[in-house]
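Me: I should like to learn how to read the features of a structural model, one at a time. Please give the general idea and then the case at hand.

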Amino acid sequence: MTSEAPLIEVSDLTVSYPVRRGVLSRAVERLKAVDGVTFSVRRGETLGLVGESGCGKSTLGRAVLRLVEPDRGSIRFDGRELVGLAAGAMRALRRRMQLIFQDPYGSLDPRMTVAEIVGEPLAVHGLGRRSERNRRVEALLAQMGIERDALRRYPHEFSGGQRQRIGIARALAVRPDFVVADEPLSALDVSIQAQIVNLLADLQRGLGLTFLFIAHDLRVIEHVSTEVAVMYLGRIVERAPTATLFSRPHHPYTQALLASAPATDPRHRRVRAPLGGEPPSALDPPPGCPFHPRCPQAFDRCRLERPALASVGAQHLSACFLAPPGTA
Ligand code: SF4
């Protein structure tokens with residue numbers, strides 16, 4: 001059951017990193033990893049964030065949790081502004097906002113037992129007595145399909161899929177409302193990916209979780225998302241409800257991504273050209289539309305002006321000068 005009120009509202013979020021050069025490693029330039037991004041996610045829904053690697057989606061996910069400091073912009077969580085929030089207040093809110101990591105191998109401390117890994121966030125946030133925490137850890141692992149005898153074992157004793165389940169248990173231990181899942185499937189075999197997707201969907205239904213789900217695999221994004229945002233060179237270039245984006249993509253970048261991905265539904269089989277070339281450097285973006293050097297439909301205006309994200313249909317936004325479907 002979803003409600004209309006957004007749990008997360010992000011506005012004009014910008015994150016840049018210093019680029020250091022020379023023998024003194026002086027910061028000579030700033031690389032804009034996220035450039036003026038705006039979106040919201042309603043409670044109980046999933047916004048899928050997709051784009052090629054290096055487009056800024058992981059930085060955006062971390063910035064929303066304030067694990068990376070933004071240069072400017074606003075992040076409202078449950079009506080509360082996070083940008084500029086003092087460390088103590090942010091720590092208290094952190095319990096409600098969790099991250100599921102991409103790498104189930106590197107994200108679990110190899111020196112800790114599974115019980116310690118999953119129970120640590122409960123201890124850090126001072127939730128419950130030790131006996132209550134232990135019961136919670138056991139119940140969570142059972143929910144993840146991990147056997148009870150796993151509690152005293154170490155991460156290296158588990159498969160990739162099991163480690164990801166342990167990572168998910170750790171993220172959910174503190175009963176968050178909002179979860180950023182950063183490419184949670186990309187290190188897993190295809191057969192295990194389906195299990196983890198179904199597990200996350202069950203957890204979302206059961207716990208009413210709100211997700212920002214980051215992935216480069218469009219099949220996964222189509223399966224898990226209520227709405228999809230497509231990122232290119234630090235900006236959102238198209239946003240739409242999932243069914244709209246997959247059946248009537250407007251932006252040529254989205255069209256090319258879809259054409260490059262294997263179609264799961266034969267009705268969605270693409271006839272458009274797949275994506276060619278490499279994304280330009282965010283340090284030296286092209287003038288005009290940043291996609292124009294790779295865009296098969298580019299025309300003169302595209303080389304001079306940058307298109308803003310604007311409505312091209314019901315709840316459908318695109319940053320492209322091409323006419324909305326049915327209006328040309
Ligand atoms: Fe292509 Fe022009 Fe649209 Fe950019 S604005 S995506 S270059 S058609």
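**Reading pockets, cavities and burial**

Reply: Let us begin with the open space. Four elements, α2 (87-94), β6 (97-100), α3 (114-124) and α5 (160-172), each supply at least two residues of the lining of the largest pocket. Please bear in mind throughout that this is a predicted model.

Me: How much space lies in the largest pocket, and which residues are the closest to its centre?

Reply: The largest pocket holds about 460 Å³ of space. Its lining comprises 18 residues, and M97, Q98, L99, F101 and R170 are the closest to the centre.

Me: How does the lining of the largest pocket divide by class?

Reply: The lining of the largest pocket has 10 nonpolar, five polar and three charged residues.

Me: How should one read a cavity, as against a pocket?

Reply: A cavity is a set of points where a 1.4 Å probe fits but cannot get out, whereas a pocket is an open set. In this structure there are two cavities of 30 Å³ or more, and the largest cavity contains about 80 Å³ of space.

Me: Which residues lie nearest the centre of the largest cavity?

Reply: Of the 13 residues that line the largest cavity, C289, C295, C302, C320 and F321 lie nearest its centre. By class, this lining divides into 10 nonpolar, three polar and no charged residues.

Me: Where does the ligand sit?

Reply: The ligand sits in the largest cavity. Around the ligand there are 13 residues, of which C289, C295, C302, C320 and F321 come nearest. The shell around the ligand has 10 nonpolar, three polar and no charged residues.

Me: How does one judge the overall form of the protein chain?

Reply: One compares the radius of gyration with that expected of a compact globule. For 328 residues the expected value is near 20 Å, and the protein chain has 21 Å, which agrees. The C-alpha trace spans about 70 × 55 × 40 Å along its principal axes. The protein chain has nine helices and 12 strands.

Me: How is burial to be read, for the chain and for a single helix?

Reply: A residue counts as buried under 20% relative accessible area. By that criterion, buried residues make up 48% of the 328 residues in the protein chain. Helix α1 (residues 57-64) is mostly covered, with six of its eight residues buried. The buried residues in α1 are K57, T59, L60, G61, A63 and V64.

Me: What phi does R66 take, just after α1?

Reply: R66 takes a positive phi of about 60°.

Methods. Residues are numbered from 1 along each chain as its sequence is written. This is a predicted model: local features need pLDDT of at least 70, side-chain atom pairs count only at pLDDT 80 or more; totals for chains, interfaces and linings use all residues. Side-chain values use heavy atoms; hydrogens and water are left out. On a 1 Å grid over the protein atoms alone, a cavity is a set of points where a 1.4 Å probe fits but cannot get out, and a pocket is an open set with protein on both sides within 12 Å along at least five of seven lines; lining residues have an atom within 4 Å of a point. Grid points are joined across faces, edges and corners, and a volume is the space filled by probe spheres set on the points. Ala, Val, Leu, Ile, Met, Phe, Trp, Tyr, Cys and Pro count as nonpolar, Asp, Glu, Lys and Arg as charged, and the others, Gly among them, as polar. A residue is near a molecule or strand if one of its heavy atoms lies within 4 Å of it. A molecule sits in a cavity or pocket if more than half of its atoms lie within 2 Å of its grid points. The radius of gyration is taken over C-alpha atoms; the globule rule is 2.2 Å times the number of residues to the power 0.38. Buried means under 20% relative accessible area, exposed over 50%, partly exposed in between (1.4 Å probe, protein chains only).
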